[in-house]
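Fancy a bit of practice at reading a fold? Grab a viewer and work through the exercises below.

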Amino acid sequence: MKSYRVRIWKISTKKTGGRPHMVRWVVEDKVFSELFTTWELADSFRADLKRAAQNGEAFDTETGMPDSKARAQNAMTWYAHVCDYVDTRWSKVSGRQRISIAETLAAVTPLLVRDRRGAPDARVLRSALYQWAFNKQHRDSDKPEDIAEALQWIAKASVPVTELADYDRITSALDGCARKLDGTAASAGYYSRRRRVLFNVLRYAVFKKRLAKNPLSEELDWKPPEAEVCEEIDPSVVASPEQVQELLTAVSYAGWRRGDRLVAFFACMYYAMMRPSEVAALRLGLHPSRKGVGTAYPQRLSTDCGQQMDGQWSSPRATWPQRPPAQGQAGHPHPATTSVRPPRSHSAPRRGAGRSALPH
């Protein structure tokens, strides 16, 4: 039964005993008390009771505790919550998203602990979380002894989900999202992707009524560390246009079957800034503007995240068409204005073959 009839008395102190400081309060004419070793602890507990009463929280007539403290005492731990989240999302997301979720949670979870006494090695703990705890298919499988001990430790040391409402806890989680394994600041895109995962995990906690509200829904007085950005181009790393032209000329001598295709392959990577896998799956529609020069619009792109973690996670290959913009429309998001000849060489079929292919 719940009641709003609450009276909180002053702290009383005895001269003897291991816990001499007593906090007493009354809920519906029923007296409750708690003993503390120091006056400061007693005062903090009493302040929590007064704050709950001022906020209009109901008190339980059996335990004497306000709703907020009852939730905290019975709260699910962060570790148990994120394991539940992984299980819920496992069949609904792609392989890449599973990897992103596991990476984010493996970076954040070790920071959300009560204390670090008896903590395992950081690499062992991260491996245990990434490959077992946050992998639904492997969580219940046989584990090495050090992995099993690491998971037992994190399950006991993990904080309640309700503590994520505290400023220090949520900013600690955000700091974990904003840093790489070596402790340096991650890029803005890397942090943004991890923050989205953390936001969804907290939103799931609100949906399951394990958290009153999502702390990331409000503006926090916190900024991620800024990653160091090199403003200058290192000539020893980035090739100049002249060097690239010499490279394309050199690879053209790889043979009559391979030369032209290698020229097309590296030309697309340099001029269109494409990944090797994108070039391999490229089918082009070419629109020459003058002799030897034109704009290449991908007519079909194909992506494949591949299999990760020894084939545990995978997603099917996805393909979608890409068409050049109609007259008057905005430009194509990824046009490549370069020599028409290299892409034609890449997309031309081999002799005796019925489809385009890259050299092996």
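Here come three exercises, each with a worked solution.

This is a predicted model, where local features need pLDDT of at least 70, side-chain atom pairs count only at pLDDT 80 or more, and totals for chains, interfaces and linings use all residues. Numbering runs from 1 along each chain as its sequence is written, and side-chain values use heavy atoms, with hydrogens and water left out.

**Exercise 1.** Work out which residues of H3 are buried (under 20% relative accessible area, 1.4 Å probe, protein chains only).

Solution. Start with the helix, a DSSP run of H or I with at least four residues: H3 covers residues 78-89. Next, pick out its buried residues: Trp78, Tyr79, His81, Val82, Cys83, Tyr85 and Val86. Finally, look at their partners: these residues pack against helices H4 (95-108), H5 (122-133), H6 (145-157) and H8 (188-207).

**Exercise 2.** Find the rings that pair with Trp25 and with Tyr270 (Phe, Tyr or six-membered Trp rings, centres within 6.5 Å).

Solution. There are seven aromatic pairs to sift through. Trp25 and Phe32 have ring centres 5.9 Å apart and planes at 25°, so they're stacked (under 30 degrees). Both Trp25 and Phe32 are buried. For Tyr270 and Tyr271, the centres are 5.1 Å apart and the planes at 85°, so that pair is edge-to-face (over 60 degrees).

**Exercise 3.** Say which residues join Trp25 in an aromatic cluster.

Solution. Begin at Trp25 and add Phe32, Phe36 and Phe45: together they form one cluster.

How values were computed: Helix = DSSP H or I, 4+ residues; strand = E, 2+ residues; numbered from the N terminus. Expected span 1.5 Å × (residues − 1). Buried < 20%, exposed > 50% of the residue type's maximum accessible area, 1.4 Å probe, protein only. Contact = heavy atoms within 4.5 Å.
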